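These are my notebook entries on one model, written while I looked up its charged pairs, its helix and its core.

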Amino acid sequence: MKIIVNGKEAGTKEKGCALCGGTWGDYYEDIDGEKLFFCCDICALEFVNMANEIKKRTNWRKIDELIINGNYYTGRTCSAKNENKEYKFYVKFNDEGGVETFKELS
């Protein structure tokens, strides 16, 4: 999965956390058969919950590309792609890593 966080490629230790772009920490999670880097377990949980919400709403089995803009405090405006389809949304998480707000954008 190609992941862009605030304009920079992410998802590996060298490039940064797949959700926030941070380079500290050392946490990995298997997402769609791919080992992605996260700075902490909370970012990993938020990413998994976001990916599951995208799949539930789109009926996609996997996500090819995810573009994430924003942060924990303001929420994130995102675009997910699967083959030639695109799904735009806004997401904000609660303190436990759950999805607090999820809105489809046109």
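Entry 1, salt bridges. I looked up Lys-56 and found it exposed, with a relative accessible area of 58%, where exposed means over 50%, buried under 20% and partly exposed in between, using a 1.4 Å probe and protein chains only. The model is a predicted one, in which local features need pLDDT of at least 70 and side-chain atom pairs count only at pLDDT 80 or more, while totals for chains, interfaces and linings use all residues. I keep to residue numbers that run from 1 along each chain as its sequence is written, and to side-chain values that use heavy atoms, with hydrogens and water left out.

Lys-56 forms a salt bridge with Glu-53, the closest N and O atoms being 3.6 Å apart; the term stands for a side-chain nitrogen of Lys or Arg within 4 Å of a carboxyl oxygen of Asp or Glu. Both residues lie in helix 1, 3 residues apart, about one turn of the helix, yet Glu-53 counts as buried at 14% relative accessibility. I also noted that Glu-53, Lys-56, Arg-57 and Glu-104 are linked in a network of salt bridges.

A search of the whole structure gave me 6 salt bridges. Among them is the pair Lys-62 and Asp-64, at 2.6 Å from N to O, where Lys-62 is partly exposed at 44% and Asp-64 is partly exposed at 25%. Another joins Lys-15 to Glu-9, with 3.6 Å between the closest N and O atoms.

Entry 2, helix 1. I took helices as DSSP runs of H or I with at least four residues, and strands as runs of E with at least two, numbered from the N terminus. Does the span of helix 1 agree or disagree with its length? For its 18 residues (41-58) I expected 26 Å at 1.5 Å a residue, and the end C-alpha atoms are 26 Å apart, which agrees; the expected span is 1.5 Å times one less than the number of residues. Asn-59 follows the helix with a positive phi, near 65°.

Entry 3, core. I looked up the largest nonpolar core, a set of buried Ala, Val, Leu, Ile, Met, Phe, Trp, Tyr and Cys residues joined through side-chain atoms within 4.5 Å. It has 30 residues, and those touching the most other members include Phe-47, Met-50 and Ile-54. Helix 1 gives the most to this core, with 6 residues. Leaving aside neighbours within four places in sequence, Met-50 is in contact (heavy atoms within 4.5 Å) with residues including Leu-19, Leu-66, Phe-89 and Val-99.
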